[in-house]
Structure formats: structure tokens, C-alpha cells
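Dear colleague,

Please find below the structure for your files. My notes on its charged side-chain pairs follow.

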Amino acid sequence: RTDNNPYGPDITEKRFMAYHAIIHGATGIFFYTWDVEEYRPSGCEVPPPGCYGDARSPSFWETTKAVATELKTMTPILVSPTQTISVTTNPAIDTLVKEYNGQKYLIAANRHNSATSATFDATQLWPGEISIDVLFEGRILAIPSGYLTDDFAPYDVHVYGPLLSLIDSIPPTSNNPSDQTYFVGDLAAIP
């Protein structure tokens, strides 16, 4: 951040930083906190409780846990083969296409501090599909005529792909076949 905010990146920014690094080739993510004197509120010799430089900061740990949980859920996809497919012409959006369980997943990140929209050529990703899941958001988007259009807030990240293909790789929460609910992060599905 460039605004000398002692509270550090919020959940949207932290999620963006993790996914943007992955899009550009990172194979691991390390989260940390720090104490930089110039970012402390004036008159503080040590970071006040709750400031980002304080390792006890609830906001730091809650946002870190949320992003880490999401990335853990994404592990099978993230370690799967990368596909070299160009899917958008919007220069503000960086993308990564992965293939897992025979299905393609698109990770798209808005690297600008301004809202934008992007259209993706879904004919190479999900031919013949009429809609696709937006993972971790509880949305399903239509794919009219093979093109997917979505809006991005500043530093927003969207992960598109078939939820059930990912859920198939995760053990159910119950051994009772009539009561099988699968949880993927905050997503739940009953096949």
C-alpha cells in the first residue's frame, strides 16, 4: 500500500496478491506481519493492538486464514497442468488457465485499482456449456454464445470452473451415502 495505512492489506488486497503471484508463476505463498516504525500512528513506540504490524492483530490473522483456506481448497487445481490459452483482451486482467480432472479452471485478477469488466472466450474452456460456477462467490454465470462477461472491483479475483469436478476429489463430510455434503471452502454441494 502507498497510503501509509498501519492496518495493512484488506482481504481483497491480500487475496489479489496471492492469486496474482500464482498467475505469474509463484509455486508457494508465505504470509507474514511486520513492524515498521514509520507506519505506526504518531507517538507509538510499539504497534498498538490491532495494528497490522502487531502479530496479535485479529484482522491480519482472519484475512490470512480466509485466503489460506481458499488456496488450500484450490490446491488440486493449482498444482495441475497450466494451459496456454489466451481468453481475454482486457489489459487490466491477468489470467491463468489450469486443467484438473479433465476440466478447465480460469483464474482472473484485476491488477488495477479501478473497476473494470472483462469478456472471456469460453469456447476454448467450456465448449457447449451454458453456464459456469464462480468459485468462492456462490454465483453461476451464463455463457451466451460462448463468451463470459463479468465485472471486477479494484484488485478483484474471480475463479471460474465446474464446482462438482472439484468436489469429486474431496472426501464427503459423512460416510452415510444418503447424507453426503461436500464442502469446498465456504461452498457446499450435495450431488
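A salt bridge is taken here as a side-chain nitrogen of Lys or Arg within 4 Å of a carboxyl oxygen of Asp or Glu. Please note that the model is predicted. The structure holds 6 salt bridges, and three of the pairs are described below.

Aspartate 150 and arginine 139 form one of these salt bridges, with the closest N and O atoms 2.8 Å apart. The pair links distant parts of the chain, 11 residues apart: aspartate 150 belongs to strand 7 (residues 147-152) and arginine 139 to strand 6 (residues 139-142). Aspartate 150 counts as buried, at 6% relative accessibility, whereas arginine 139 counts as partly exposed, at 27%. Glu137 joins Arg139 and Asp150 in a network of salt bridges.

A further salt bridge brings together the side chains of glutamate 70 and arginine 15 (2.8 Å, N to O). Here, too, distant parts of the chain are linked: glutamate 70 is in helix 2 (residues 58-78) and arginine 15 in helix 1 (residues 11-23), 55 residues apart. Both glutamate 70 and arginine 15 are buried.

Arginine 111 and aspartate 94 also meet through their side chains in a salt bridge (3.1 Å, N to O). Arginine 111 lies in the loop between strand 3 (103-110) and strand 4 (116-121), and aspartate 94 in strand 2 (residues 93-100), so the salt bridge ties together parts that are 17 residues apart in sequence. Arginine 111 is partly exposed, with a relative accessible area of 37%; aspartate 94, at 12%, is buried.

Yours sincerely

Key: Residues are numbered from 1 along each chain as its sequence is written. This is a predicted model: local features need pLDDT of at least 70, side-chain atom pairs count only at pLDDT 80 or more; totals for chains, interfaces and linings use all residues. Side-chain values use heavy atoms; hydrogens and water are left out. Helices (H or I, at least four residues) and strands (E, at least two) are DSSP runs, numbered from the N terminus. Buried means under 20% relative accessible area, exposed over 50%, partly exposed in between (1.4 Å probe, protein chains only).
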